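Visitor: Could you walk me through this one? I'm new to reading structures, so please take it slowly.

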Amino acid sequence: PILVISPTMGGTESKQKLGERVITAKTKLTADVQRERARFEYLQQHSEETLESILKSVRASFETCSPFLESTLLIAWMYDAAACEEIVLSACTKALKAPIDKAEYEWFRQYVFGSSFWFLKSCKDDQTFLYQDLLRIARTMSSHIVQDMDGIYDHLQTHTKWPQLQAIENVTLIARQDHESVGLLQEDGIRRMLERKEDDEQTEDVRAFVDSNLALNNLT
């Protein structure tokens, strides 16, 4: 049998958290842009060579998958948005292209993916945002992986034991993350509420909250 652990908690709360993160990121970006705009305008008037150095530094960081400061990237973006867009998207394409390099992907996840600059407008189309370009890259890269997997699947179908493999049935051994065998969500504060016997409306509401919200928060 094949082990299947099905996630059953927190769908609505996950969407809510995502929405809150989007609002937070956009608010942060607006504040950061306002702060760095004054620095950019000063450098634009007094030292364009410094702006060139900033752009060069950003390019080197993305080409070598090195840490960078978001404030530096924003100033470089104000100086040459088209160049910065090409630098960022090229690095993302490289990091997400199969076979995935673990170090490159970790750099992307830690320094690039969570950045608020994805809410900047695209240079190619002012009706779209950079995160939409990132999604396009991810879909393109994943489509290549899917094609490779489809090729493997097609090849397996030619094997003489393929019918035996197909005859194996899926069996769900563990349906919830708080199953004893998993060991998660066993805190007394969670278990005590979930195991209450009352069926009144308020108890059900609090039980659902603990099951989806508090449990999900502990897992994340």
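**Salt bridges, a helix and a patch**

Guide: Let us begin with charged pairs: in this predicted model, the count comes to 9 salt bridges.

Visitor: Okay, which residue does Lys-28 form a salt bridge with in helix 1?

Guide: Lys-28 pairs with Asp-32, and their closest N and O atoms are 2.7 Å apart. The two are 4 residues apart in helix 1 (residues 11-46), which means that about one helical turn separates them. As a general point, an α-helix has 3.6 residues a turn, so residues three or four places apart point the same way.

Visitor: And are those two buried or exposed?

Guide: Lys-28 is partly exposed, at 40% relative accessibility, whereas Asp-32 is buried, with a relative accessible area of 8%.

Visitor: What about Glu-70, which residue does that one bridge to?

Guide: Glu-70 forms a salt bridge with Lys-28 as well, with the closest N and O atoms 3.8 Å apart. Because Glu-70 lies in helix 3 (residues 70-79) and Lys-28 in helix 1, this pair ties together parts that are 42 residues apart in sequence. Glu-70 is buried, since its relative accessible area of 19% falls under the 20% cut-off.

Visitor: Which side chain does Glu-86 meet?

Guide: Glu-86 meets Arg-59 in a salt bridge, at 3.9 Å from N to O. Glu-86 lies in helix 4 and Arg-59 in helix 2, so the pair ties together parts that are 27 residues apart in sequence. Elsewhere, salt bridges that share partners join Lys-28, Asp-32, Arg-35, Glu-36, Arg-39 and Glu-70 into one network.

Visitor: Switching topic, which residues of helix 5 are buried?

Guide: In helix 5, which covers residues 102-113, the buried residues are Glu-104, Trp-107, Phe-108 and Val-112. Seen down the helix axis, they fall within an arc of 105 degrees, so they line one face of helix 5. On the other side, Lys-102 and Ala-103 are exposed.

Visitor: So what covers the buried ones?

Guide: The cover over the buried residues of helix 5 includes helix 2 (48-63), helix 4 (81-96) and helix 6 (130-156).

Visitor: And what happens at the start of helix 5?

Guide: There, a side-chain oxygen of Asp-101 reaches to within 3.1 Å of the backbone nitrogen of Ala-103.

Visitor: Last one: which residues make the nonpolar surface patch?

Guide: That patch, of about 350 Å², is made by Ile-145, Met-149, Ile-152 and Leu-156. One of them, Ile-152, lies in helix 6 and is partly exposed, with a relative accessible area of 47%.

Technical notes: Residues are numbered from 1 along each chain as its sequence is written. This is a predicted model: local features need pLDDT of at least 70, side-chain atom pairs count only at pLDDT 80 or more; totals for chains, interfaces and linings use all residues. Side-chain values use heavy atoms; hydrogens and water are left out. Buried means under 20% relative accessible area, exposed over 50%, partly exposed in between (1.4 Å probe, protein chains only). The arc is that of the directions from the helix axis to the C-beta atoms. Contact means heavy atoms within 4.5 Å. A polar contact is a pair of N or O atoms within 3.5 Å; within protein, one must be able to donate a hydrogen and the other to accept it, and residues adjacent in sequence count only if both atoms are side-chain atoms. Patches are made of residues with over 30% relative accessible area and no salt bridge: like charges are joined within 9 Å, nonpolar side chains (Val, Leu, Ile, Met, Phe, Trp, Tyr) within 5 Å. Accessible areas come from the Shrake-Rupley method with a 1.4 Å probe; for residues, only the protein chains shown count as cover. A salt bridge is a side-chain nitrogen of Lys or Arg within 4 Å of a carboxyl oxygen of Asp or Glu.
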